[in-house]
There are 2 protein chains.
Amino acid sequence: MAVYTDITDAELETLLAGYDLGRALSCKGVAEGIENSNFILETERGRFVLTIYERRVREDELPYFIGLMQTLAAHGFPCPIPVPDRCGNALTRVRGKPAALCTFLNGLSVRRPTVAHCEAAGVGLARLHAAAEGFAGRRANTLGLAAWTPLFKGRQDAAARLEPGLDQRIAADLAAVAATWPTDLPTGPIHADFFPDNVFFDETRFAGAIDFYFACDDALAYDLAICLNAWCFDPEHRFSPGHARALIAGYEAERPLTDEERDALPILARGAAVRFFLTRLVDWERGADGALVTPKNPMDYARRLDFHRTDGLKAIL
Amino acid sequence: MAVYTDITDAELETLLAGYDLGRALSCKGVAEGIENSNFILETERGRFVLTIYERRVREDELPYFIGLMQTLAAHGFPCPIPVPDRCGNALTRVRGKPAALCTFLNGLSVRRPTVAHCEAAGVGLARLHAAAEGFAGRRANTLGLAAWTPLFKGRQDAAARLEPGLDQRIAADLAAVAATWPTDLPTGPIHADFFPDNVFFDETRFAGAIDFYFACDDALAYDLAICLNAWCFDPEHRFSPGHARALIAGYEAERPLTDEERDALPILARGAAVRFFLTRLVDWERGADGALVTPKNPMDYARRLDFHRTDGLKAIL
């Protein structure tokens with residue numbers, strides 16, 4: 001949760017003067033998102049989310065994220081829609097930081113997804129991939145395969161401190177993943193952080209997705225592999241075959257996987273687990289670092305790697 | 001800002017089953033209030049704030065606060081209105097902690113109140129006092145005069161560390177205030193924390209007040225004295241006679257002060273400054289203590305005490 005940057009009534013008035021949204025009726029900082037500051041802003045014209053981008057987001061990448069949301073929305077995908085100001089710009093500034101106003105998206109995220117939620121999440125992810133087709137923006141995955149070895153460098157000891165021998169196991173994961181990583185799968189814009197807290201439901205129906213600030217070009221099946229890790233393990237980190245089958249079935253109801261994509265899921269999921277283990281390790285080592293957030297435990301992903309090392313996913317494919 | 005307690009989708013569903021509010025459409029933790037956890041909850045029936053009461057709030061005192069808000073609302077005062085559940089109870093529990101659902105109150109708080117805001121705040125405070133008249137609940141001011149000496153005990157060194165000699169100055173304030181504290185002023189339920197962040201405006205019109213969890217029985221003029229400290233000093237802690245005159249004028253437009261109340265304002269304001277200096281000193285010493293909040297600087301109130309020691313208020317009365 002965040003709200004690093006505050007906004008005063010005077011700053012809000014200045015901001016809204018640039019938009020055709022009427023005046024502010026209420027504005028509340030929300031404890032959501034760990035990268036940016038977010039406010040629920042009600043104006044005479046409706047309900048919006050004001051996002052102030054903090055240091056982790058590169059300003060030159062914002063047009064990609066904004067453009068992607070605009071493209072998704074234009075193709076009927078439910079996501080926050082960036083609102084242009086009177087000059088047609090969807091990006092503005094608050095207290096010297098880049099900021100954007102987007103429409104408010106209704107829906108609830110779920111803490112413990114059921115099989116039905118997984119199926120709906122699969123449907124939603126496939127719709128996202130379909131709606132993003134043809135988006136002209138380009139952004140390489142800065143947290144993809146090439147980034148993992150540099151991320152791990154200098155952090156072997158930190159891994160070993162978490163669990164004896166974990167440094168060697170992660171090194172072996174890195175080697176195995178690098179040796180067999182698929183390179184010819186269908187690619188396109190992916191969400192890359194389609195976790196349960198970024199996905200909204202209306203009961204068990206998919207209602208939309210938020211937080212596109214890790215989106216990038218990569219293999220579409222890699223996005224599904226990230227979801228297998230994020231949605232299909234229980235709080236004790238045990239794999240749930242029922243959840244995984246439902247997630248994949250939901251995805252394929254909208255976009256059938258190719259044989260190559262299906263075959264690649266185990267290694268993609270192992271790689272995805274390495275990625276989230278490593279970035280969580282970085283955050284864990286750094287501590288909260290001024291953020292109003294408890295770093296997520298990297299060990300959740302070490303447990304997923306235990307599972308992927310046994311090729312456990314194969315049983316359900 | 002808070003959100004100490006989280007609420008899951010499952011807990012939310014269980015909670016709403018007890019109310020006639022339809023199902024949840026969205027629920028966001030808000031970074032507001034330092035005592036409790038707050039969520040903006042949108043249901044099929046409207047917009048509400050769910051408050052989960054944390055350790056600082058005594059559960060046996062909640063019926064007083066809830067009853068006061070109900071009374072104020074029944075008399076037309078704009079404040080959050082506690083929503084009874086299907087059994088007629090306005091208090092419920094979430095994750096073992098007491099909780100309440102209230103209506104959402106529109107409005108914006110102001111960071112730097114203008115003279116016009118001060119006048120409107122005065123109007124609002126007087127309306128609150130009028131609307132609370134006849135409320136049957138009783139709650140002594142646990143942070144009133146009798147509490148200050150015990151609060152200061154053992155913290156003299158802490159005060160002296162903030163500023164050399166401050167311990168002796170505060171001790172003299174305590175003695176002076178105790179010697180001349182008025183005891184026969186009109187009393188009734190007071191807000192006791194009518195600070196700019198708890199008061200909402202629609203432009204410069206008073207739109208309502210929130211956060212009644214310091215409310216108690218005390219001298220009505222003491223509530224106004226708290227406001228003189230909170231609204232009428234600039235960010236450099238310089239007194240603004242224009243703001244103070246406007247605050248008092250707004251108050252008197254709704255409820256004229258008696259001569260005794262007016263004469264007592266300087267000592268009441270000095271006492272109010274002692275009260276906020278001391279409670280901030282306690283929080284400052286304790287640190288954030290797990291709360292997602294930066295303690296407020298007690299020195300803001302040491303500066304107000306400098307002003308009150310010179311009887312500065314008298315010039316505008």
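In chain A, among the contacts between residues separated by 6 or more positions, 72% join residues that are 24 or more positions apart, where two residues are said to be in contact if their C-beta atoms, placed from the backbone, lie within 7 Å. I should say at once that this is a predicted model, in which local features need pLDDT of at least 70 and side-chain atom pairs count only at pLDDT 80 or more, while totals for chains, interfaces and linings use all residues. Residues are numbered from 1 along each chain as its sequence is written, and chains are lettered from A and ligands numbered from 1 in the order in which they are written.

Let me stay with chain A for a moment. Chain A holds ten helices and nine strands, taken as DSSP runs numbered from the N terminus, with H or I and at least four residues for a helix, and E and at least two residues for a strand. Its C-alpha trace spans about 60 × 45 × 35 Å along the principal axes. The radius of gyration of chain A is 20 Å, which agrees with the value near 20 Å that a compact globule of 317 residues would have; the radius is taken over C-alpha atoms, and the globule rule is 2.2 Å times the number of residues to the power 0.38. Of the 317 residues of chain A, 44% count as buried, and here buried means that 20 or more other C-beta atoms lie within 10 Å of the residue's own, exposed means 12 or fewer, and partly exposed is in between, with C-beta atoms placed from the backbone.

Now to the domains. The assignment for chain A gives domain 1 as 9–103 and domain 2 as 115–316, with bounds that come from an automatic or database domain assignment. The C-alpha centres of these two domains of chain A lie 27 Å apart, and 18 residues of domain 1 are in contact with 18 residues of domain 2. On the domain 1 side there are eleven nonpolar, five polar and two charged residues, where Ala, Val, Leu, Ile, Met, Phe, Trp, Tyr, Cys and Pro count as nonpolar, Asp, Glu, Lys and Arg as charged, and the others, Gly among them, as polar.

How are the two chains arranged? A rotation of 180 degrees, with 0.0 Å of shift along its axis, superposes chain A on chain B with an RMSD of 0.0 Å, the fit being by least squares on the C-alpha atoms of residues with pLDDT of at least 70 in both copies. The two copies are therefore related as by a two-fold rotation axis, and in chain A the C-alpha nearest that axis belongs to Val30(A), 2.1 Å away.

At the interface, 24 residues of chain A are in contact with 24 residues of chain B. The elements of chain A that give two or more residues to this side are helix 1 (9–17), strand 1 (24–30) and strand 2 (36–43), and strand 1 provides the largest share, seven residues. By class, this side of chain A has twelve nonpolar, six polar and six charged residues. Because 100% of the interface residues of chain A are also interface residues in chain B, the copies meet through the same surface.

Ser26(A) gives a close view of that region. Ser26(A) lies in strand 1 of chain A and counts as buried, with 21 C-beta neighbours inside 10 Å. Leaving out residues up to four places away in sequence, Ser26(A) touches Glu42(A), and across the interface Asn106(B), Gly107(B) and Leu108(B).

Turning to the interior, the largest nonpolar core has 191 residues, of which Leu228(A), Leu247(A), Leu228(B) and Leu247(B) touch the most other members; such a core is a set of buried Ala, Val, Leu, Ile, Met, Phe, Trp, Tyr and Cys residues joined through C-beta atoms within 7 Å. Helix 9 of chain B, residues 259–286, gives the most to this core, with twelve residues. Beyond four places in sequence, the residues that Leu247(A) touches include Cys118(A), Leu228(A) and Trp231(A).

One backbone detail remains. Most residues other than glycine have a negative phi. Arg95(A), however, has a positive phi, near 50 degrees, and sits in the loop between strand 4 (92–94) and strand 5 (97–103) of chain A. With 13 C-beta neighbours inside 10 Å, Arg95(A) counts as partly exposed. In chain B, Arg95(B) likewise has a positive phi near 50 degrees.
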